[in-house]
Every structure is written in structure tokens, then in C-alpha cells.
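Trainee: I am new to this entry and would like to understand how its labels are earned. Could we go through them one at a time?
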Amino acid sequence: MSGTALSTFACDVSIHRSLAILTIVFRFCGNLSRGPSMRVYFRNAFLIGAAILGFSLGAFAQTYGTKGYSPGAWKPEELPKDLATPKPYNPRDLSGVWSTPTTAGYFERHSLNDKWIDTKDKKVPPQMRSDASPPPMTAWGKAKFDANKVSYGPRAVEPEFNNDPVSQCEPLGYPRDLWEANLRPFEFVQTPDRVLQHMQYHDVWRTIWTDGRALPKDPDPAWYGYSVGHWEGDTFVVESIGYDDRTWIDHFGNPHSDQMHLVERYRRTNQGTLLLDMTLTDPKTYTKPWVAETITFVNAKAAIFEEICSPSEERRFNDEIRDSSAAKPKP
Amino acid sequence: MRRISVSPFILGVCFLFAAAPLLAHHGTGVAYQQDKSITLQGTVTDWVWANPHCAILFDVTDEQGNVVHWGAELGNPHQLSSAGFSREVMKPGDKITIFGHPSRNGAPRLQFDHVVLPDGHTLTTKNVKGNGEKADTDY
């Protein structure tokens with residue numbers, strides 16, 4: 001295992017992996033203290049080595065992000081070898097392809113603070129087993145929330161009967177497109193005067209201006225709002241306003257207004273980890289700020305893939321599969 | 001005896017990380033009985049390679065000789081590519097055996113689990129992580 005892989009391993013493994021490895025090492029040490037035979041030593045050493053190698057290969061793969069592997073296009077053997085050489089770690093360099101961790105058992109985030117709902121009923125589908133906890137809503141916000149028919153969380157209806165914009169390939173908006181990083185990564189591209197956040201899903205480029213401009217005074221609403229960013233130490237702070245209120249915050253149907261104000265604080269804590277803290281303030285919809293639990297992103301293996309949500313293809317899917325799988329409403 | 005317990009422990013840990021969450025999209029799981037599985041043998045009428053959902057459309061002939069047109073829904077091409085699927089992996093006329101979860105209302109619709117192709121090869125999305133990365137592969 002190379003030194004690079006080792007250092008990557010040290011900083012990139014998840015807490016789960018770290019605990020698992022520590023457990024193995026402790027068990028091995030315990031065996032040593034009881035004085036097993038040399039044969040057992042060698043066998044255990046081999047097993048531990050194999051386990052660490054296995055884990056490090058996974059971490060190694062997570063490190064580069066932009067190795068260029070592209071499903072359906074370039075295969076790894078078709079790419080230049082030097083793509084695998086990572087840039088030195090720089091906390092002020094956010095560039096790379098990022099997704100949320102996908103280790104087994106990891107909870108896929110779909111909102112600022114969503115959680116599993118504790119239920120032992122195995123007939124409850126996974127889509128209904130989580131929910132977000134937004135702050136108390138205003139009357140305006142509650143009316144909007146009630147009008148949003150969803151297919152996730154405890155209010156879920158069959159997809160034919162929801163009015164989720166995603167089911168028609170309508171714009172997801174922000175921050176909702178961010179939650180798609182569970183399924184589809186995003187890429188940060190840094191230039192001298194802006195940071196571009198390229199979302200794989202819907203192939204959206206979000207512009208975060210870093211040229212010193214302030215937020216616009218009275219902008220026309222936009223699907224992805226208007227964003228400016230600056231550095232505070234090694235934290236990249238992004239402020240955004242001017243959002244079109246037709247988008248949802250999450251697939252649980254939590255709404256927002258055109259007064260939504262987002263503050264995002266990104267920290268690249270090592271080569272392979274990007275942390276995000278987010279606060280959503282929207283006095284027209286919520287009675288107090290909605291503070292997200294810290295969101296962790298890791299380097300993705302694959303390059304960004306073209307994943308435009310095609311309205312005609314979605315319509316065909318809805319017609320031929322989705323709608324006929326749902327129970328028809330009673331006459 | 002405690003000394004030899006390391007191997008199964010490591011195997012267990014490796015298994016834990018090889019496992020991957022099932023793919024879900026647009027809340028369609030609400031429409032299917034995910035605690036039940038069925039197996040069908042049929043003939044492909046269309047292999048829909050599309051965003052954001054792929055689908056297998058196929059005909060199944062029942063014991064009375066009636067042909068029922070079925071549809072199975074899958075994830076997006078990004079996820080499926082990493083699981084070994086491609087635009088060319090199936091074509092109309094192919095005889096397949098398909099496994100999945102039935103719809104709640106009894107309609108001939110299926111939430112895909114895996115398929116056995118005419119050459120005996122099995123394709124599944126079980127070992128693909130949510131973001132399309134293969135759980136046990138270093139690209």
C-alpha cells in the first residue's frame with residue numbers, strides 16, 4: 001500500500017470503518033496477550049492486513065473524485081494514468097466531485113435535519129420511515145405545506161397522486177437539489193471570481209459569486225436563487241436569496257417563500273471530506289431559523305454524469321409504469 | 001477458542017460493507033409490497049433506457065394462454081451502468097426471468113430486484129450504492 005493510500009486511509013475512513021478496524025486491532029492485541037502460537041499470529045496478521053488493504057482500497061477510490069470514470073462512456077483503462085494523482089490538500093480548494101457517504105447503514109439525508117421514524121411495522125415502506133423536523137410554520141407556511149402532496153414520509157401517497165415537482169421533471173431548486181447528492185454527486189469548480197456548483201441531477205450550474213459583490217437588493221425570483229460567497233479563515237461562507245417559491249425544500253413537501261435566506265458554511269477538513277452547515281431563515285414560512293445538522297460529503301469515484309430529467313421520458317414512465325402501479329381512487 | 005473468532009468477525013465486517021441500500025426513487029416504493037417478492041418468466045417487449053427511470057416492459061403468458069403485459073421499474077442509467085446494465089443489455093424478444101416486488105393494487109407492475117438474462121447472466125442493482133458507485137469495486 002502506498003504512502004498516499006495510507007495517508008488517505010487515515011483521514012478518509014468513516015467513523016464506522018474506524019471503529020471496526022479498532023475492534024479488529026484490539027481483538028488481535030488481546031490474542032497476543034494470551035500467548036497464542038506463532039501460526040495464529042501469522043494468520044491473524046494476514047487477516048488484519050487483508051482487511052486494512054480492503055478498507056484502504058475503498059478509501060483510495062474515494063480520494064480522487066475526478067478520476068474520470070464515466071458510466072456508459074470512458075472506461076478506467078481509457079483514461080490517462082496521471083488522473084489518479086491528487087492535488088495536495090488545501091482547505092481553501094473545494095474543487096472536486098462530492099457525494100454523501102453511501103456505506104451500508106448510512107442514513108441518506110433528504111432535508112436539513114431528517115431522521116428515521118421508529119417503527120417496527122415491516123409493511124411500512126422505507127420511503128415512509130423518515131421525516132424532517134422543520135421549525136413551527138406560519139399560517140402561510142402551513143397552508144403551503146398542506147397543499148404539497150408527497151410520496152415520502154408519514155404523509156406519503158402513491159406517486160400517481162402526489163404533486164411533487166420532481167415527478168414532472170420540474171426544477172428542483174436549491175437546497176433540494178443538494179439532497180440528490182445521495183444519488184447524484186455535485187462538483188465544485190473554483191475560478192478567480194466565482195465558485196460553480198455543478199449539480200449532476202438536472203445538470204444545473206449554480207453560480208456563487210466571490211468577486212466581492214453583495215447580494216442583489218430586489219432580485220426577480222430564480223429557481224436556484226442568487227448567491228455570493230467569501231472565505232472566513234478556511235470556511236467558505238455562501239449567502240443566497242431570491243428563490244422562486246414554487247420549489248420544495250425537500251421531498252417531504254416542506255415549503256419556502258421568496259423570502260428564503262440561506263447561509264451555507266463549507267469546510268474541507270481533509271482531502272476527502274467536505275462538511276456543510278446550513279441555516280435557513282424564512283420568516284414568511286417559519287417562525288424561527290431552521291438550522292441543519294452538519295452534512296458530510298466525500299469524494300465521489302465517478303465523474304459527473306449527464307443526468308437531465310427528460311420530461312418526455314418521465315411522462316412515458318409515468319404513463320406506462322408509475323400510474324398503473326398505483327391503486328385508483330375510489331369513484 | 002476465542003483466538004479463532006477473528007476470521008468470522010472480519011468476514012462479518014466485510015459483509016457489512018459489501019451490503020448496500022436498495023435503490024429508491026420518487027417514492028415509488030409506496031406503491032409496491034416491498035415485503036413480498038414474485039418471480040416471472042416473460043419475453044421483453046421493450047427495454048427503456050431513460051432518465052430518470054429505466055423500465056423493462058415484457059409479456060407473460062399465463063396458464064390459460066393469456067398474454068399479460070408487465071412493466072418493471074428500475075433506477076436511472078447512472079446507477080444501472082455501475083451495476084453492469086447498458087442500453088444494449090436487453091432487446092425485444094429476449095426470454096428473461098425477472099424478480100421483484102408486486103404492486104399493492106395487483107396491477108401487472110413490478111419494482112425490480114434482479115433479472116436473469118437469456119445467457120444465464122444475472123443483473124441486479126443490489127450491490128450498487130445510492131450514488132451509482134459499485135459497493136465493492138475500485139474504479
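**How the labels are earned**

Mentor: In this predicted model, His202(A) is buried, with 21 other C-beta atoms within 10 Å.

Trainee: What makes His202(A) buried?

Mentor: A residue is called buried if 20 or more other C-beta atoms lie within 10 Å of its own, and His202(A) has 21 of them, so the label buried applies.

Trainee: Why is Asp203(A) called partly exposed?

Mentor: Asp203(A) has 14 other C-beta atoms within 10 Å; the label exposed needs 12 or fewer and buried needs 20 or more, so a value of 14 falls in between and Asp203(A) is partly exposed.

Trainee: Where does His202(A) lie, and what is notable about the phi of His202(A)?

Mentor: His202(A) lies in the loop between strand E5 (194-199) and strand E6 (204-209) of chain A, and Asp203(A) lies in the loop between E5 and E6 as well. The phi of His202(A) is near 75°, a positive value in a residue other than glycine, and that of Asp203(A), also a residue other than glycine, is positive too, near 55°. Such values deserve a remark because most residues other than glycine have a negative phi.

Trainee: How do you know that strand E12 of chain A is mostly covered?

Mentor: Strand E12, which spans residues 295-299 of chain A, has five residues, and four of them are buried; each of those four therefore meets the cut-off of 20 or more other C-beta atoms within 10 Å.

Trainee: What makes E1 and E12 of chain A a pair of strands?

Mentor: Two strands pair if at least two bridges are found between them, and strand E1 (residues 96-99) of chain A and E12(A) have two bridges, so they pair, in the antiparallel sense. Within this pairing, Trp98(A) stands opposite Asn299(A) in E12(A).

Trainee: How many bridges link E10 of chain A with E12(A)?

Mentor: Strand E10 (residues 273-281) of chain A and E12(A) pair over four bridges, again in the antiparallel sense, and Leu276(A) stands opposite Ile295(A) in E12(A).

Trainee: Which residues are joined by cis peptide bonds?

Mentor: In chain A, a cis peptide bond joins Tyr174(A) and Pro175(A), with omega about 15°, and Pro175(A) is found in the loop between helix H4 (139-147) and helix H5 (176-179). In chain B, the peptide bond from Asn51(B) to Pro52(B) is cis, with omega near 5°, and Pro52(B) is found in the loop between strand E1 (38-48) and strand E2 (55-61) of that chain.

Notes: Residues are numbered from 1 along each chain as its sequence is written. Chains are lettered from A and ligands numbered from 1 in the order in which they are written. This is a predicted model: local features need pLDDT of at least 70, side-chain atom pairs count only at pLDDT 80 or more; totals for chains, interfaces and linings use all residues.
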